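Me: I'd like a close look at one part of this model, please. Walk me through it slowly, and tell me what surrounds it.

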Amino acid sequence: MTTAPSPTRGTTRSKVGLALAGLLSLSNIFSAFGDTAPEGEVGPPAVVLWAGTVLGIVGLVAVVIAWRTGNRRALRVAAGAIIITALTAVPAFFVDVPAWLKAAAAVGVLLTIASVVLMFSTQRGHATVTD
């Protein structure tokens, strides 16, 4: 007889990580609908912007499911969506773009790292020491 894995109860840290992932995903949803780079400036290709929009929607749905049910698969999908989105920002560090775009990419990558670490943090128990 097998039983389905029970949803994990979210800790405060994981809820904060999920909230950050939700905000990151929400900010990505509108990336393809905003203005592209001004004429004469380098910006992300349209395919990257549309991928960010799709990943933002997928990530936001996964965050909502993970928040409401504690589903570990949804947690992994949300983490994967924001990690892939952060990876699309990495080329900004190697091309000639304005400094504020590099700073925005760095903040996004750091927030993604913090979100993933917090999402997968578990409740720490106290170890019993016996002599």
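Reply: Let's start with a residue outside the part I'll dwell on: Val 58 is partly exposed, because its relative accessible area is 38% (under 20% is buried, over 50% is exposed, and partly exposed is in between, using a 1.4 Å probe and protein chains only). Val 58 sits in helix H2. Its C-alpha is 9.3 Å from that of Ile 29, although the two are 29 residues apart in sequence. Ile 29 is one of the buried residues of helix H1, and H1 is the part to look at.

A bit of housekeeping first. This is a predicted model, where local features need pLDDT of at least 70 and side-chain atom pairs count only at pLDDT 80 or more, while totals for chains, interfaces and linings use all residues. Numbering runs from 1 along each chain as its sequence is written, and side-chain values use heavy atoms, with hydrogens and water left out.

Now the setting. The protein has four helices and zero strands (helices are DSSP runs of H or I with at least four residues, strands are runs of E with at least two, and both are numbered from the N terminus). Of its 131 residues, 28% are buried.

On to H1 itself, which covers residues 12-29. Its 18 residues should span 26 Å at 1.5 Å a residue, and the end C-alpha atoms are 26 Å apart, so the two values agree (the expected span is 1.5 Å times one less than the number of residues). Which residues of H1 are buried? They are Ser 14, Gly 17, Leu 18, Ala 21, Gly 22, Leu 24, Ser 25, Asn 28 and Ile 29. Looking down the axis of H1, these fall within an arc of 170°, so they line one face of the helix (the arc is taken from the directions from the helix axis to the C-beta atoms).

What do they pack against? Helix H2 (46-69), helix H3 (72-89) and helix H4 (99-119). Asn 28 makes a nice example: it counts as buried because its relative accessibility is 17%. Leaving aside residues up to four places away in sequence, Asn 28 touches Gly 52, Thr 53, Gly 56 and Thr 85 (a contact is heavy atoms within 4.5 Å). Thr 85 is itself among the buried residues of H3, and the cover over the buried residues of H3 includes H1, H2 and H4.

Flip H1 over and you find Thr 12 and Leu 23 exposed on the other side. Leu 23 counts as exposed because its relative accessible area is 58%. Leu 23 also joins Leu 26, Phe 30, Phe 33 and Trp 50 in a nonpolar surface patch, with about 590 Å² of accessible area together. (Areas come from the Shrake-Rupley method with a 1.4 Å probe, and for residues only the protein chains shown count as cover.) Patch members have over 30% relative accessible area and no salt bridge; nonpolar side chains (Val, Leu, Ile, Met, Phe, Trp, Tyr) are joined within 5 Å, like charges within 9 Å. A salt bridge is a Lys or Arg side-chain nitrogen within 4 Å of an Asp or Glu carboxyl oxygen.
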